[in-house]
Amino acid sequence: MLITGESGAGKTENTKKVIAYLALVGAMQQANEKSDVPKKRGTLEEQIVQTNPVLEAFGNAKTVRNNNSSRFGKFIRSHFSASGKLAGGDIDHYLLEKSRVVRQAPGERCYHIFYQIMSGWDPKLRDKLKLNNDLKYYHFCSQAELTIDGVNDKEEMGITQTAFDIMGFDEVECMNLYKNVAGIMHMGE
Ligand SMILES: Nc1ncnc2c1ncn2[C@@H]1O[C@H](COP(=O)(O)OP(=O)(O)OP(=O)(O)O)[C@@H](O)[C@H]1O
Ligand SMILES: [Mg+2]
């Protein structure tokens, strides 16, 4: 299935509907068979659906054309067993717009994760990352817009963290990713 179109056409939103549908159909098949999914993480179909908040946090940003513009392309494979049971998935990604990490045009923002980390969702996170200054102090992510109308970065951070949890990322793995983001912010100074 090839989903194309100009920025803002609806590729991301409609791809999510397709994946949710395929995961649901695969899960219905799965329910008929004995499941040995570990309890701590989400089920396989939950994990596949929950790849999206993480990919969007790290790879989507506000542009003048779309408040949630994907700045990379991706090829998603869903794997099904011969009986139609959902068996896994993998994603290849292409052409992440790296320049946005350090530079934003007027009316645009850097990748959502920078503002999510600064939102204070986890009150101790900024302290742990030594991000104690105001967002506008960090030059790499504050050259244009800092907020998006109708988007609550604090809530979005909760959604990102929940997605990490369901996919089975542990605290150290998440912290390492956040440290990377914070490292970039510190390097701008
Ligand atoms: N099926 C849909 N239902 C409701 N809203 C939609 C739908 N498709 C698109 N939209 C609206 O259009 C906006 C842009 O859609 P989307 O992010 O999917 O575009 P895109 O094609 O992925 O763009 P880009 O190339 O910039 O990533 C969404 O944030 C949403 O507001
Ligand atoms: Mg998109």
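A residue counts as buried when its relative accessible area is under 20%, as exposed when that area is over 50%, and as partly exposed in between. Keep that rule at hand on this tour. The model in your viewer is a predicted one.

**Stop 1: Arg100 and Glu108**

Select Arg100 first. Its relative accessible area is 5%, so Arg100 is buried. Now add Glu108, which has a relative accessibility of 11% and therefore counts as buried too. Show both side chains and look for the place where they meet: Arg100 and Glu108 form a salt bridge, with 2.8 Å from N to O.

Which residues do salt bridges with shared partners join into one network with this pair? Add Arg71 and Glu97 to your selection, and you have the network of Arg71, Glu97, Arg100 and Glu108.

**Stop 2: Glu97 and Arg71**

Stay with the two residues you just added. Glu97 and Arg71 form a salt bridge, and their closest N and O atoms are 3.0 Å apart. This pair links distant parts of the chain, 26 residues apart. To see where each partner sits, colour the loop between strand S4 (86-94) and helix H4 (112-118), which holds Glu97, and then the loop between strand S2 (69-70) and strand S3 (73-80), which holds Arg71.

Are these two buried or exposed, or something in between? Glu97 has a relative accessible area of 24%, so it is partly exposed. Arg71 is partly exposed as well, because its relative accessibility is 22%.

**Stop 3: Asp92 and Arg77**

Next, select Asp92 and Arg77. Their side chains meet in a salt bridge, at 3.2 Å from N to O. Asp92 lies in strand S4 and Arg77 in strand S3, so this salt bridge ties together parts that are 15 residues apart in sequence. With a relative accessibility of 31%, Asp92 is partly exposed. Arg77 is partly exposed too, at a relative accessible area of 33%.

How many salt bridges are there when a side-chain nitrogen of Lys or Arg must lie within 4 Å of a carboxyl oxygen of Asp or Glu? The count comes to 9.

**Stop 4: two residues with positive phi**

Go back to the loop between S4 and H4 and pick Leu95. What is its phi? The angle is near 55°, which is a positive value in a residue other than glycine. Leu95 is exposed, because its relative accessibility is 80%.

Then jump to Lys130, in the loop between helix H5 (125-128) and H6. Phi of Lys130 is also positive, near 60°, and again the residue is not glycine. The relative accessible area of Lys130 is 58%, so this residue is exposed.

**Stop 5: a nonpolar patch**

Switch on the molecular surface and select Tyr21, Leu22, Val25 and Phe80. They form a nonpolar patch on the surface, and together they have about 350 Å² of accessible area. Which helix gives the most to this patch? The answer is helix H1 (residues 11-31), with 3 residues. One residue to click on is Leu22, which lies in H1. Leu22 is partly exposed, because its relative accessible area is 30%.

**Stop 6: helices that cross**

Return to the cartoon view and colour helix H3 (residues 51-59) and helix H6 (residues 153-167). They pack at an angle of about 130°, and their axes are 8 Å apart. How do the two helices lie to each other? Angles between 115 and 145 degrees count as oblique, and H3 and H6 are therefore oblique to each other. Their crossing is left-handed.

Keep H6 coloured and add H7. The axes of H6 and H7 come within 10 Å and cross at roughly 135°. That makes H6 oblique to H7. Here the crossing is right-handed.

**Stop 7: Met185 and Gly42**

For the last stop, select Met185 in helix H7 (residues 171-187). Is Met185 buried or exposed? Its relative accessibility is 0%, so Met185 counts as buried. Now add Gly42 and draw a line between the two C-alpha atoms: they are separated by 32 Å, while the residues are 143 apart along the chain.

Key: Residues numbered from 1 in each chain as written. Chains lettered and ligands numbered in written order. Predicted model: local features only at pLDDT ≥ 70, side-chain atom pairs only at ≥ 80, totals over all residues. Heavy atoms only, no water. Patch = residues over 30% accessible without salt bridge, like charges linked within 9 Å, V, L, I, M, F, W, Y side chains within 5 Å. Areas by Shrake-Rupley, 256 points an atom, 1.4 Å probe, with all protein chains shown as cover. Helix = DSSP H or I, 4+ residues; strand = E, 2+ residues; numbered from the N terminus. Buried < 20%, exposed > 50% of the residue type's maximum accessible area, 1.4 Å probe, protein only. Axes fitted to C-alpha atoms, helices over the stretch in contact; angles between N-to-C directions. Parallel < 35°, antiparallel > 145°, perpendicular 65-115°, else oblique. Left-handed = near helix turned anticlockwise from the far one by under 90°.
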